[in-house]
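Got the viewer open? Let's take a walk through this one together, a stop at a time.

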Amino acid sequence: MNQDLKDNFNQFLFTSGFSRQRVYWTKLRQSLVVLLGISIVTIAVQYSLYWLMKLHGVSFTLALPLS
């Protein structure tokens with residue numbers, strides 16, 4: 001969003017007929033989707049590496065906190 005301020009892209013968006021609120025929520029939604037995707041990929045890579053590095057005959061379970 002900071003880059004949009006530097007290259008005046010926000011001025012273009014706000015003069016294009018879209019409301020400021022719609023532009024803001026769209027940018028926020030896209031950012032959150034990207035962050036969620038990065039988190040999912042990171043967790044998958046970590047568990048994959050852990051599974052690949054474990055010793056033969058050793059298993060692990062995912063403990064879910066049930067209260």
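Reading along the sequence, what pattern does the protein follow? It goes α-α-α. In other words, you're looking at 3 helices and 0 strands. Keep in mind as you click around that this is a predicted model.

**Stop 1: the whole chain**

Start zoomed out, with everything selected. The C-alpha trace spans about 65 × 30 × 15 Å along its principal axes. The radius of gyration is 21 Å, while the globule rule gives 11 Å for 67 residues, so the protein is more spread out than a compact globule. Now switch on the surface. About 6,400 Å² of it is accessible, and carbon and sulfur atoms account for 66% of that. How much of the protein is buried? Just 7% of the 67 residues count as buried.

**Stop 2: colour by confidence**

Next, colour by pLDDT. The average for the protein is 83, and 94% of the residues score at least 70. Where is confidence lowest, and where is it highest? Select helix H1 (residues 2-6) for the lowest, with a mean of 74, then H3 for the highest, at 91. A word of caution for any colouring like this: where pLDDT is low, don't read the predicted coordinates in detail.

**Stop 3: two rings side by side**

Now pick Tyr24 and Trp25 and show their side chains. The structure holds 1 aromatic pair, and these two rings make it: their centres are 5.2 Å apart and their planes sit at 75 degrees, so the pair is edge-to-face, the cut-off for that being over 60. Are these residues buried, exposed or in between? Tyr24 is partly exposed, at 43% relative accessible area, and Trp25 is also partly exposed, at 45%.

**Stop 4: a nonpolar patch**

Select Val41, Val45, Leu49, Trp51, Leu52 and Met53 together. They form a nonpolar patch on the surface, and their combined accessible area is about 670 Å². Click on Leu49 for a closer look. Leu49 belongs to helix H3, which covers residues 20-53, and with a relative accessibility of 46% Leu49 counts as partly exposed.

**Stop 5: past the end of H3**

Follow the chain into the segment after H3, where you'll find Ala63. Is Ala63 buried or exposed? Exposed, with a relative accessible area of 70%. For the last stop, draw a distance line from the C-alpha atom of Ala63 to that of Gly17. The two residues are 46 residues apart along the chain, and their C-alpha atoms are separated by 51 Å.

Terms used
Residues are numbered from 1 along each chain as its sequence is written. This is a predicted model: local features need pLDDT of at least 70, side-chain atom pairs count only at pLDDT 80 or more; totals for chains, interfaces and linings use all residues. Side-chain values use heavy atoms; hydrogens and water are left out. Rings of Phe, Tyr and Trp (its six-membered ring) pair if their centres lie within 6.5 Å; planes under 30 degrees apart count as stacked, over 60 as edge-to-face and the rest as tilted. Buried means under 20% relative accessible area, exposed over 50%, partly exposed in between (1.4 Å probe, protein chains only). Helices (H or I, at least four residues) and strands (E, at least two) are DSSP runs, numbered from the N terminus. The radius of gyration is taken over C-alpha atoms; the globule rule is 2.2 Å times the number of residues to the power 0.38. Accessible areas come from the Shrake-Rupley method with a 1.4 Å probe; for residues, only the protein chains shown count as cover. Patches are made of residues with over 30% relative accessible area and no salt bridge: like charges are joined within 9 Å, nonpolar side chains (Val, Leu, Ile, Met, Phe, Trp, Tyr) within 5 Å. A salt bridge is a side-chain nitrogen of Lys or Arg within 4 Å of a carboxyl oxygen of Asp or Glu. pLDDT is the predictor's confidence in each residue, from 0 to 100.
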